[in-house]
Amino acid sequence: MTSLELEQFENQFIPLRKKKSRMRYRVAVIGGGTWATAIIKILSTNLEHFNWWVREEEIVEGITRYGHNPLYLSSVFINPKEVKVTQDIRKAVANVDYIVIVTPSAFLHKTLEPLQKSRMNRKKVIIAVKGIVPETMQVITEYLHSEFEIPYYNMAVISGPSHAEEVCQEKLSFLTSASPNLELAETVARFFKNRYVRTSVSGDIKGVELAVVLKNIYALGAGIYSGLGYGDNFIACYVSNCLKEMKRFVNQMYSDEERQMSDSVYLGDLLVTAYSRYSRNRMFGNMIGHGLSVKVTLLEMKMVAEGYYAALCVHEINKNVKASIPILEAIYNVLYENFPVSIEMKRLSEYFI
């Protein structure tokens, strides 16, 4: 594609009049996968320029030369004049004020390892990934606070029922920006709000972060039941019981009388992850339910299913919390203790009402 053809193509998607209204914040996005690509698309409607760190040289070349991520959501156009893509994470975050983290939590510790604490603790961090850092058994806000001394009021979590595939098709989606610093939460909400993404604000950063960790595990369980041949009637009952267990565990970890588990950032995200054909966690569980071993499933999956890693972390965390979480423990038993899948999941079903 010639430079003239590229300019004509990008002008189909980015009218000149829109550029005047976009915000001038210094932002870096860390991560090159499906959700990161969707976030780049969202931010491109609101921010004039930002940096993008990716691990793969192939993505750098694809964006720079052709304006597309060749590995994930390759139909999405990304303007290389506005997005500075690099494999150097120090360079990506050096002169920015906001960092959006989209690297899977299982690889976050190694990804951020090159960064200096003194360079990180003054930045505002937006967490758009769901999981627990396995090296420290911490949710990501706690990890960033202890590892880089980033104050909690400089962190926000962006979450909600929003599969990347539908976001990139510009289907209406809803996201919640959660932070103890409501001014930061409002700013983040503005970053992500556009014609096809609606945003809301919450102060419940701890509850939101833990709930999205748990929903990935529960979605994995929904996939197992589906693979075993259980129907929609049963899985609806299963998800209802998951919500009860989620509420019990989250409230025991982080008490908050104003928390409403029926809000879309909790219940909505659980539902879409448990039912959607785009859900990696449901897909992972479905393969287990169909008889594949965990080892083979891990090899077959082309994308990270956060629920697999989170199940182990939550099991370890609960040794101290001592909450009643039979659903989470049953899924852990299947994934890590080699319990017979059909027997363990049938045993679990006897608890449901």
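In what order do the eight strands of the open sheet stand? They go 3-2-1-4-5-8-9-10, and the pairing is mixed. Before I walk you around, the housekeeping. This is a predicted model, so to speak with filters on: local features need pLDDT of at least 70, side-chain atom pairs count only at pLDDT 80 or more, and totals for chains, interfaces and linings use all residues. Residues are numbered from 1 along each chain as its sequence is written, and side-chain values use heavy atoms, with hydrogens and water left out.

Okay, the sheet. When I say strand or helix, I mean DSSP runs numbered from the N terminus: E with at least two residues for strands, H or I with at least four for helices. Two strands pair if DSSP finds at least two bridges between them. Strand 3 (83–86) and strand 10 sit at the edges with a single partner strand each, so one side of each has no neighbour in the sheet. On average, neighbouring strands are turned by 20° against each other, direction ignored.

Start at the strand 3 edge. Strand 2, residues 50–53, runs parallel to strand 3, with four bridges between them. Trp52 has Val85 of strand 3 as its bridge partner. To get from strand 2 to strand 3 the chain goes through helix 4, residues 57–66, in a right-handed β-α-β crossover. Right-handed here means that, with the strands pointing away from the viewer, the path from the first strand over the helix to the second runs clockwise.

Now over to the other end. Strand 9, residues 173–178, is mostly covered, with five of its six residues buried. Buried is under 20% relative accessible area, exposed is over 50%, and partly exposed is in between, using a 1.4 Å probe and protein chains only. On one side, strand 9 pairs with strand 8 (residues 155–159) in the antiparallel sense, over three bridges; there Ile158 is opposite Ser177. Strand 9 also runs parallel to strand 10 (residues 197–202), joined by six bridges. Thr176 faces Ser200 in that pair, and Ala178 has Ser202 as its bridge partner. Helix 10, residues 182–192, completes a right-handed β-α-β unit with strands 9 and 10.

Next, the inside. A nonpolar core is a set of buried Ala, Val, Leu, Ile, Met, Phe, Trp, Tyr and Cys residues joined through side-chain atoms within 4.5 Å. The largest one has 77 residues, and Leu112, Leu144, Leu214, Tyr218, Tyr238, Phe284 and Val314 have the most contacts inside it. Which helix gives the most to this core? That's helix 11, residues 205–228, with 12 residues. Apart from this core there is another, of 38 residues, including Val54, Val60, Val76 and Phe192.

Let's stay on helix 11 for a moment. Of its 24 residues, 21 are buried. From first C-alpha to last it reaches 35 Å, close to the 34 Å expected at 1.5 Å a residue; the expected span is 1.5 Å times one less than the number of residues. Right after helix 11 comes Gly229, with a positive phi near 100°.

Back to Val314. Contact means heavy atoms within 4.5 Å. Leaving out neighbours within four places in sequence, Val314 touches Ile132, Val213, Leu214, Ile217, Phe249, Ile325 and Leu328.

Helix 13, residues 264–275, has Val265, Tyr266, Gly268, Asp269, Leu270, Thr273 and Ala274 as its buried residues. Those pack against strand 8, strand 9, helix 11, helix 12 (232–253) and helix 14 (280–289).

Then there's Val341, in helix 18, residues 341–349. Val341 is partly exposed, at 21% relative accessibility. Its contacts, again without neighbours within four places in sequence, are Ile224, Leu228, Ile288 and Val334.

Last stop, backbone oddities. Most residues other than glycine have a negative phi. Which sign does phi of Met137 have, positive or negative? Positive, about 55°, although Met137 is not a glycine. Met137 is in the loop between strand 6 (132–133) and strand 7 (138–139), and with a relative accessible area of 28% Met137 is partly exposed. Lys322 also isn't glycine, and its phi is positive, near 60°. You'll find Lys322 in the loop between helix 16 (306–321) and helix 17 (326–336), where Lys322 counts as exposed at 66% relative accessibility.

Note on methods
Axes fitted to C-alpha atoms, helices over the stretch in contact; angles between N-to-C directions.
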